[in-house]
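Reader: I'd like to go through this one with you and ask how each label was earned. Can we take it point by point?

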Amino acid sequence: MIDENNTIKITYREALKLALRDALQKDEKVFLMGEDVGRYGGAFAVSKGLLQEFGHERIMDVPLSETGFVGAGIGAALGGMHPIVEVMTVNFSLLAMDQIVNNAATLLHMSGGQLNVPVIIRMSCGTGKQLAAQHSHSWEPLFAHIPGLKVLSVGTHEDARGMLLMALQSADPVIIFEYTAMLNMEGEIPANAGIVNSTNATVRKEGKDISIITYGAGVYKALDAAKELIPLGIDAEVVDLRVLRPLDTETIFTSVRKTHRALLVEEAWGSVNVAAEVSACIMENIFYELDAPVQRLCGAEVPMPYPKHLEDASLPQKEDIVSMVKRMLQHDRV
Amino acid sequence: MENTIAIQAATTIDRAHGSELLYQMMMIRRFEEKAAELYTKMKIRGFLHLYVGEEAVAVGIMQALTPEDNILSTYREHGHALARGIDAGKIMAEMYGKMEGCSRGRGGSMHLFDVEKRFYGGNAIVAGHLPIAVGMALACKKQKINNITCCFFGDGAVAEGAFHETMNLAALWSVPLLMVCENNLYAMGTAIRYSHAVQELEKKGAAYGIEFAAVNGMDVLQVEKAAREAVEKIHRTGRPFFLVCNTYRFRAHSMFDAELYREKSEVDEWKKKDPIPALQKQLLGLQLTTDDDIKQMEKKVDQEVQKAVDFAEAGTWEPVSALTKFVYSGPNK
Ligand SMILES: Cc1ncc(C[n+]2csc(CCOP(=O)(O)OP(=O)(O)O)c2C)c(N)n1
Ligand SMILES: [Mg+2]
């Protein structure tokens, strides 16, 4: 339904599906393959109905063989196709990690520039569903570590609608992280929303007092926190990194030059994560702009426990963001 | 390997054994129906994979194992855990996430562990536990411990590289491993014909020089017999064995499954082969039980399940201060 502002209400899931449909319609070389993407309708119903619309050649169910079908996706890309490979969840991506790291990310370099690998690998990820230690991984940092990969994180509805389309323009492998906990979430996007830029970070809310820098499931949490801070007289800026590799440091620096404070929020374990990289970049480049030490709120250093209260406690929550911002601004002393 | 274990007698069914098998299957069924109910009441969360329809496999196989044997399973493991003799209350408490659970609440439904019962999970990465099973069997062999390791997994797992590496290693190293494939014809929504170029999964044993058999997994007596024969062979030869149990899951893959991939009529056809009424009928025919016995048993099962729920309800939540426990071994392990 289009309203007077020319926006539509849409779930994150539906936005992802519209992007997939566009991609399949626009280019015959594009096909989707993954476990249960067809007959089952997608483990999370993202591809529901696409098999009926595009048929088995374009929507391929594959056996439980992550090394095999991700590798096959890389091979199909070498052979002239443009595959979108769905790894059901990031938790199973390690079974395909050898293919991703040792083939997709390196073939261009090893071949002295003769080969490139235009494959897209989508995976759902994230926390918050009490899925315990093997099914709750936030492994964006693992992938962001690898030269040769482009790593995108879909933190908003607009990006759910448009990031894939931009990724398809890449000549090199793109990893796209989608967030299971956001699938049912409704959001508003322009009725004519489509392709979005996927090279830069974006300021999701402007502010002058502090930069909350985050991505993925952290974006809406940070925006909620920022809203709560307004009545306290704190004007926080929220930066959505979106592209975890290569990092858009310019957007980060511009924001921190304005606010002089940076709080980094990430669900992944704190040690050696994306926030650690962002923090180092700030320190190396714009240290003298800072009025306070950079702070991080990240996942606790523990495999994810099953009970709700322990899962909640192991992740940065909106309340944690609010109180950390207050602390950083020494708000409690005023 | 020297065979020092007495060969178990071929399965003869007497009143006591028949009742035991029936009771265990009915207990698993009722326990899981209750779990489904508790899931809708949000007492149990996360993923919940039910074993309804497949009970004869776990119960039949366990008959052939001793308390010293090792067991590894998947995320669909409530049946295996119960048949192994893990306390129903501890399993239910685990599914609630309470400290009294068999994994102290840290694992939930997909990660039941009980080292005393030699039950090593509860693994939720498909085929992730298969190589571990080889290693456990290898450790027994190296230490000249005369136990076997029994590893349960699904038809879907057979497509994973880990399955094939496991089979090769088990045969190459000649370890006492019982590989039990629960072929329920589906891996989530993918029917076996879309997963496997060769659908008679047992044939994959031959490629690795591993002895194999396939059995009707809807008949607990046949499963027990096949398991006893397999275990006897493993002990006699010291070599692995691949047993495929053909079965069917009556319910959805998990609590999030709309079952778009199969016809209701197919499910109904399989329900006619329900292993529980089948055994009841068999025992009644042999006059090894009565309708009244079965009613009594139902009552007992209800009580035991209720006891498990009460135990879980009364359990305690681990304090948040303990969040980062169990990351490394040590004094506060
Ligand atoms: C490596 C891996 N890939 C995908 C999944 C998601 N998944 C969980 S269960 C399952 C189906 C497994 O089927 P099968 O092995 O036949 O066991 P069943 O569930 O039928 O008992 C899938 C695809 C997973 N847990 N691990
Ligand atoms: Mg199966």
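Reader: How many salt bridges does the rule find across the interface of chain A and chain B?

Author: The count is 0 across that interface. Bear in mind that this is a predicted model. A salt bridge needs a side-chain nitrogen of Lys or Arg within 4 Å of a carboxyl oxygen of Asp or Glu.

Reader: And how many residue pairs are in polar contact there?

Author: The rule finds 10 such pairs between chain A and chain B, both residues at pLDDT 80 or more. On the side of chain A that touches chain B, the residues divide into 19 nonpolar, 7 polar and 6 charged.

Reader: What makes the two chains count as touching, and which residues are involved?

Author: Heavy atoms within 4.5 Å make a contact, and here 32 residues of chain A are in contact with 40 residues of chain B. Together the chains bury about 2900 Å², with 66% of it on carbon and sulfur atoms. In chain A, the residues losing the most area to chain B are A:Y40, A:L64 and A:Y306, together 25% of what that side buries.

Reader: Why is B:P277 called partly exposed?

Author: Because its relative accessibility is 40%, and partly exposed lies between the cut-offs of under 20% for buried and over 50% for exposed. So B:P277 counts as partly exposed.

Reader: Where is B:P277 placed?

Author: B:P277 belongs to helix 11 of chain B, residues 275-285. Its C-alpha atom is 9.7 Å from that of B:M26, with their positions 251 residues apart along the chain.

Conventions. Residues are numbered from 1 along each chain as its sequence is written. Chains are lettered from A and ligands numbered from 1 in the order in which they are written. This is a predicted model: local features need pLDDT of at least 70, side-chain atom pairs count only at pLDDT 80 or more; totals for chains, interfaces and linings use all residues. Side-chain values use heavy atoms; hydrogens and water are left out. Buried area is the accessible area (1.4 Å probe) that two parts lose on being put together, summed over both. A polar contact is a pair of N or O atoms within 3.5 Å; within protein, one must be able to donate a hydrogen and the other to accept it, and residues adjacent in sequence count only if both atoms are side-chain atoms. Ala, Val, Leu, Ile, Met, Phe, Trp, Tyr, Cys and Pro count as nonpolar, Asp, Glu, Lys and Arg as charged, and the others, Gly among them, as polar. Helices (H or I, at least four residues) and strands (E, at least two) are DSSP runs, numbered from the N terminus. Buried means under 20% relative accessible area, exposed over 50%, partly exposed in between (1.4 Å probe, protein chains only).
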